[in-house]
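Me: Please take me through this model in questions and answers, with the cut-offs stated where a term first comes up.

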Amino acid sequence: MKTIPLEPGYEDYVQREYDILCKLDHPMVMNIVEAYFSPLEQALHLIVPLYEGGEVQEQIEQKQFINEADTSRTIHQLLLSLKYMHER
């Protein structure tokens, strides 16, 4: 589950991002299974499949050195994902 706090003034932005993510179906893009709004917490809770390995930024921060092959593969996957999203 991923929780997105809804700060005042960002409701439309979060709604737009949610609508976009619901339309995407790509192995490198987070899929949304279900979403719940919590008025008490003023947060949107997204139910997503289990993604192992963590976020890319966390992976980079944990390593002291990233070799060229890993960097190339990561950039390639990111660019393919961006291309897919922009074509939608």
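**Accessibility, salt bridges and fold**

Me: What relative accessibility does E87 have?
Reply: E87 counts as partly exposed, that is, between buried (under 20% relative accessible area) and exposed (over 50%), with a 1.4 Å probe and protein chains only. This is a predicted model, in which local features need pLDDT of at least 70 and side-chain atom pairs 80 or more, while totals for chains, interfaces and linings use all residues. Residues are numbered from 1 along each chain as its sequence is written, and side-chain values use heavy atoms, without hydrogens or water. The relative accessibility of E87 is 48%.

Me: Which residue forms a salt bridge with E87?
Reply: The partner lies in helix α3 together with E87, four residues apart, which corresponds to about one helical turn; helices (H or I, at least four residues) and strands (E, at least two) are DSSP runs numbered from the N terminus. The two side chains meet at 3.0 Å, N to O, where a salt bridge requires a Lys or Arg side-chain nitrogen within 4 Å of an Asp or Glu carboxyl oxygen. The residue that meets E87 in this way is K83.

Me: How far apart are the closest N and O atoms of R73 and D70?
Reply: A search of the whole structure finds two salt bridges, and R73 forms one with D70. Both residues lie in helix α3, three residues apart, or about one turn of the helix, and R73 counts as partly exposed at 45% relative accessibility. The closest N and O atoms of the pair are separated by 2.6 Å.

Me: What is the order of the strands in the sheet?
Reply: Three strands form an open sheet with antiparallel pairing, and its edge strands, β1 (2–5) and β2 (34–38), each pair on one side only. Strand β3 (residues 43–47) pairs with β2 over five bridges, where pairing means that DSSP finds at least two bridges between two strands, and A43 in β3 is the bridge partner of S38. The order is β1-β3-β2.

Me: What is the radius of gyration of the protein?
Reply: Read along the sequence, the protein follows the pattern β-α-β-β-α-α. For its 88 residues the globule rule (2.2 Å times the number of residues to the power 0.38, with the radius taken over C-alpha atoms) gives 12 Å, and the protein is well over this, so it is more spread out than a compact globule. Along its principal axes, the C-alpha trace spans about 45 × 30 × 25 Å, and 18% of the residues count as buried. The radius of gyration is 15 Å.
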